[in-house]
Amino acid sequence: MPTFLDTEQLDEWLQARRWSDLFDSSARLEGESLTRGRLVREVAAEILETGDAELSATVFSREGASFRTLVAIWKESGDVRFEGDCSCGGGSRCSHAFALLAYLSKGKGARLEAAFGKLPHAERMTGVALSPAAAPASGEAPEETPGEVA
């Protein structure tokens, strides 16, 4: 019988960051660099009918190449386990999978909520949606318009 994972458990697991120890030092360093460089985009998440979570993103290299990354997360015998898959061909624990998990572990759960398609906190508070032109892409900072105070 499958054990189901909910969004709260997923967020706790991401923020605890015990998963980071399962990556080699090279993948951790490069993954953190990709996250800091705002190169994790098009982030999405869903809980599947099986109770597993599926996280996906496009992660860009500094040279501009893009890699589609998927991380499946599930509970097994009370433990949370995960497996990555990436178009880079670097295996299940590549820097792109690390960058996706690192990206979602930041932001006190707001990034994970957004990945699940929930409204950003500011929109919930004000009831005013960001216009598509004003909404930053996942991982991007909003652009400043001359004369506009951010």
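Good morning. Within this chain, residues 24 or more positions apart account for 54% of the contacts that have a separation of 6 or more. I should say at once that the model before us is predicted. My aim is to go through the side-chain pairs that accompany this figure, after a brief survey of the chain.

The chain holds five helices and four strands. Read from the N terminus, its elements follow the order α-α-β-β-β-β-α-α-α. Of the 150 residues, 34% are buried. The exposed surface comes to about 8900 Å², and carbon and sulfur atoms supply 51% of that area.

Let me turn to the salt bridges. The search of the whole structure returns five of them. One joins K106 to E32, with the closest N and O atoms 3.8 Å apart. K106 belongs to the loop between α3 (95–105) and α4 (110–115), while E32 sits in helix α2 (residues 25–36), so this pair ties together parts that are 74 residues apart in sequence. The two partners also differ in their surroundings: K106 is partly exposed, at 31% relative accessibility, whereas E32 is buried, at 17%. The threshold matters for that last value, because buried means under 20% relative accessible area.

A second bridge connects the side chains of E42 and R68, at 4.0 Å from N to O. Here too distant parts of the chain are linked, since E42 lies in strand β1 (residues 40–47) and R68 in strand β3 (residues 66–76), 26 residues apart. R68 counts as partly exposed, with a relative accessibility of 40%.

A further bridge runs between R81 and D79, whose closest N and O atoms are 3.8 Å apart. R81 is partly exposed, with a relative accessible area of 35%, and D79 is likewise partly exposed, at 41%. As for shared partners, salt bridges join R17, E32 and K106 into one network.

Which residues of helix α3 are buried? The helix is mostly covered, with eleven of its eleven residues buried. They are S95, H96, A97, F98, A99, L100, L101, A102, Y103, L104 and S105. In general, an α-helix has 3.6 residues a turn, so residues three or four places apart point the same way. After α3 comes G107, which has a positive phi, near 85°.

Helix α3 also leads us to the aromatic residues. Six aromatic pairs are found in a search of the whole structure. In one of them, the ring centres of F23 and F98 are 5.2 Å apart and the planes stand at 90°, so the pair is edge-to-face. F23 is in the loop between α1 (7–16) and α2, and F98 is in helix α3; the pair therefore links distant parts of the chain, 75 residues apart. Both F23 and F98 are buried.

These two rings are part of a wider group: W13, W19, F23, F82 and F98 form one aromatic cluster. One member of that cluster, F82, has a charged neighbour as well, for the charged end of R93 sits over the ring of F82, 4.0 Å from its centre.

To close, I return to the opening figure of 54% for contacts between residues 24 or more positions apart. Among the pairs discussed, K106 and E32 are 74 residues apart, E42 and R68 are 26 apart, and F23 and F98 are 75 apart. Thank you for your attention.

Note on methods:
Residues numbered from 1 in each chain as written. Predicted model: local features only at pLDDT ≥ 70, side-chain atom pairs only at ≥ 80, totals over all residues. Heavy atoms only, no water. Helix = DSSP H or I, 4+ residues; strand = E, 2+ residues; numbered from the N terminus. Buried < 20%, exposed > 50% of the residue type's maximum accessible area, 1.4 Å probe, protein only. Contact = heavy atoms within 4.5 Å. Areas by Shrake-Rupley, 256 points an atom, 1.4 Å probe, with all protein chains shown as cover. Phe/Tyr/Trp six-rings, centres within 6.5 Å; stacked < 30°, edge-to-face > 60°. Lys NZ or Arg CZ within 6 Å of the ring centre and 35° of its normal.
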